[in-house]
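Student: Hi! Could you walk me through this protein before my next class?
Tutor: Happy to, let's open it up.
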Amino acid sequence: MKSDYHFTVMKKEAVENLNLKSNGTYLDATLGMGGHTIEITNTRNDINKIICIDADYNSLEIAKLRLAKSKNKIEFICGNFSDIDKLINEKVDGVILDLGISTYQLLNIKRGFSFKKGNKLDMRINQNQELTAHKIINTYSVKELSELLMNYGEEKNHFQIASEIARQRSKKEITTSDELTEIVGKINKGSSNIEPSTRTFQALRIAVNNELEAIVKFLEKSEKILNKGGRLVIITFHSLEDRIVKKFFKLSESKCTCPPTKMSCDCNKKQTFKIITKRPLKPTKNEVLLNPSSRSAKMRIGEAL
Ligand SMILES: C[S@@+](CC[C@H](N)C(=O)[O-])C[C@H]1O[C@@H](n2cnc3c(N)ncnc32)[C@H](O)[C@@H]1O
């Protein structure tokens, strides 16, 4: 379903691969505007419950309204999926994780996620947390900024950009996306067709929300919250996210982590997941045509053993 708020990515593929069953309990850990949960409820109305989580209170409230007429029981929880062990106290039969932010968040000027003119540097998914993009840009040392741009943005010119940010903020506090894009634009002089500050904005968003660590924490806990045969369906949007998911599934599928030089296995490693997607699924050409921002999506699926 096309939404005014968000165009749900790979929704048919995601829900088909959850293998929904009668009386099952499912977890949508990135509720957003509710797109995947709406697809679940449109597919079956005989499931036990859908638990829906989002760290963004406003998104949760909008999704609640959109799901008000659902025939299935839905439980809404405002929280970070990295705390999943504290947020729920039951096992589920399938999980959907659709990472990143929604179009609603991206286009909301007050949230400061995009480099469009007039955005205040903010980028918090959870608006109650203290750390903002503004704080990072105006207080982190050149070394910290440079590492952040390198590690979370894979930005080639990380040191030059960090140094220029420090030079400019010593004259005047940097408060808007336009000021930041102008600074980055001086270093990344338009050779590519993407906006020169794309990598800087990605790095900042990841750092503000501790996004990569949240994914790792959730994955580490996922085995404990999934019933046997339960599917973990994950949609990523950039290589840093996808690498984490790929590595996690590979390790979970392995039966031994002993070095190859060992004659006999003594690591006691157990296989916890079976990989369903040897190669990630991608959106169809038609979906990309309708929603160009789905082009970088990759879906990986594992089944709990
Ligand atoms: C891409 S959107 C999901 C869109 C949704 N599947 C839909 O179709 O409407 C990702 C959502 O996950 C939320 N989110 C991101 N990181 C989170 C985290 N660590 N814990 C909980 N929610 C998170 C964001 O606030 C955002 O609403």
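Tutor: One term to begin with: a residue is near a molecule if its C-beta atom, placed from the backbone, lies within 6 Å of it. Keep in mind that this is a predicted model.
Student: Okay, so how many residues surround the ligand, and which are the closest?
Tutor: The ligand is surrounded by 22 residues. Thr-8, Thr-30, Gly-32, Met-33 and Gly-35 are the closest.
Student: What kinds of residues are in that shell, polar, nonpolar or charged?
Tutor: The shell around the ligand has 12 polar, seven nonpolar and three charged residues. At least two residues of the shell come from α2 (35-43), and at least two come from β2 (49-54).
Student: Switching topic, how many helices and strands does the protein have?
Tutor: There are 13 helices and seven strands. The radius of gyration is 21 Å, close to the 19 Å that the globule rule gives for 305 residues, so the protein is as compact as a globular protein of that length.
Student: And how many of the residues count as buried?
Tutor: Of the 305 residues, 40% count as buried.
Student: Which domains does the assignment give?
Tutor: Domain 1 covers 11-104 + 212-304, and domain 2 covers 112-209. Their C-alpha centres are 29 Å apart.
Student: How many residues of each domain are in contact with the other?
Tutor: Eight residues of domain 1 are in contact with seven of domain 2. On the domain 1 side, five of the residues are nonpolar, two are polar and one is charged.
Student: Great, thanks!

How values were computed
Residues numbered from 1 in each chain as written. Predicted model: local features only at pLDDT ≥ 70, side-chain atom pairs only at ≥ 80, totals over all residues. Helix = DSSP H or I, 4+ residues; strand = E, 2+ residues; numbered from the N terminus. Rg over C-alpha atoms; globule rule 2.2 N^0.38 Å. Buried ≥ 20, exposed ≤ 12 C-beta atoms within 10 Å, placed from the backbone. Nonpolar A, V, L, I, M, F, W, Y, C, P; charged D, E, K, R; others polar. Domains from an automatic or database assignment. Contact = placed C-beta atoms within 7 Å.
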